[in-house]
Amino acid sequence: MTRPVLFDLDGTLVDTPNAIVENFTATLAELGAPAASPEEIRSTIGLPLEKAFAQLIGASVPAATLDAAVPCYQRLYREQIVPKAKSLLYPGVVDGLAELSEAGLLLAIATSKHTASAEVLLTAAGIRDRFAVVVGADAVTEPKPAPETGLLIAAELGHPAARAIMVGDTTHDISMAHNAGMRSVAVTYGIHSPGQLAAVRPTWTVRDFPTAVERILRAD
């Protein structure tokens with residue numbers, strides 16, 4: 001039953017959305033940039049950091065301040081979020097990934113984070129060894145929701161994209177799957193609401209990670 005299974009990271013495997021909001025807030029304060037509300041910040045989660053900061057403060061700060069935002073965010077992320085990674089894993093993730101690996105599935109990470117940041121978080125969470133490939137936004141020309149991330153992973157794992165399944169918590173994840181010709185599992189415990197996810201027509205929708213694992217194992 002070998003097939004690629006791609007996972008988003010934040011909001012899908014690791015419960016980082018609240019920590020990310022705090023991290024954005026701290027970054028903006030450190031840069032002396034205008035504050036953004038938690039709702040404004042949450043609306044950018046799932047975008048590459050460069051796009052998120054451009055959306056939040058791009059029109060209100062000098063170019064040099066905007067350029068400094070991503071390195072500042074990444075430093076604070078390593079200091080404040082990475083040490084808590086294991087405790088932030090969603091229920092069922094460790095056992096579920098083991099079950100999928102033992103079933104012969106090829107697991108990969110498709111994230112809007114920078115690849116190095118994803119690697120650090122996965123390692124700190126103790127699950128890096130479950131994934132054959134980790135692809136971040138900096139490894140592609142057009143990140144999610146464009147299909148490039150998914151197509152790159154499928155090619156690296158030696159399978160057609162149509163055999164792959166994408167698991168994610170945002171419309172960016174599900175749209176990427178559509179655009180790449182993949183099936184998708186939307187999880188409703190992350191960033192985007194069930195209504196938002198339904199609007200982009202995931203193949204399946206689940207409420208928790210163990211149910212996502214069951215759905216993947218039952219796929220044709």
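**Group meeting: a predicted model, from loop to core**

Arg201 sits in the loop that runs between α10 (194–199) and β6. Helices here are DSSP runs of H or I with at least four residues, strands are runs of E with at least two, and both are numbered from the N terminus.

Before I continue, please note that this is a predicted model, in which local features need pLDDT of at least 70 and side-chain atom pairs count only at pLDDT 80 or more, while totals for chains, interfaces and linings use all residues. Residues are numbered from 1 along each chain as its sequence is written, and side-chain values use heavy atoms, with hydrogens and water left out.

Let us return to Arg201. Its phi is near 60°, a positive value in a residue other than glycine. Is Arg201 buried or exposed? Its relative accessibility is 58%, so Arg201 counts as exposed. The terms are as follows: buried means under 20% relative accessible area, exposed means over 50%, and partly exposed lies in between, with a 1.4 Å probe and protein chains only.

A second loop residue is Thr188, located between β5 and α10. Thr188 counts as partly exposed because its relative accessibility is 21%. Not counting residues up to four places away in sequence, Thr188 touches Pro194, Leu197, Thr205, Val206 and Arg207; contact means heavy atoms within 4.5 Å. Tyr77 is 111 residues from Thr188 along the chain, and their C-alpha atoms are separated by 24 Å.

A third loop residue, Thr12, lies between β1 and α1 (17–31). With 0% relative accessibility, Thr12 counts as buried. Leaving aside neighbours within four places in sequence, the contacts of Thr12 include Tyr90, Asp169, Tyr189 and Phe209.

Phe209 brings us to helix α11, residues 209–218. Which residues of α11 are buried? They are Phe209, Ala212, Val213, Arg215 and Ile216. These residues cover an arc of only 165° around the axis, which puts them on the same side of α11; the arc is that of the directions from the helix axis to the C-beta atoms. As a general point, an α-helix has 3.6 residues a turn, so residues three or four places apart point the same way. The buried residues of α11 pack against β1 (4–7), α6 (93–102), β4 (165–168), β5 (183–187) and β6 (204–206).

Ile216 deserves a further word. Beyond its neighbours within four places in sequence, Ile216 is in contact with Val5, Phe7, Leu100, Leu105, Ile165, Val167 and Val185. Ile216 is also among the residues with the most contacts inside the largest nonpolar core, which has 55 residues. Such a core is a set of buried Ala, Val, Leu, Ile, Met, Phe, Trp, Tyr and Cys residues joined through side-chain atoms within 4.5 Å. A second, separate core has 16 residues, including Val140 and Met166.

I turn to the peptide bond from Lys144 to Pro145, which is cis, with omega near 15°. Pro145 belongs to the loop between β3 (133–135) and α8 (148–157).

My last topic is the lining of the largest cavity. Which helix gives the most to this lining? It is α4, with 3 residues. At least two residues of the lining come from each of α1, α3 (49–57) and α4 (63–80).

To close, Arg201 counts as exposed, whereas Thr12 counts as buried.
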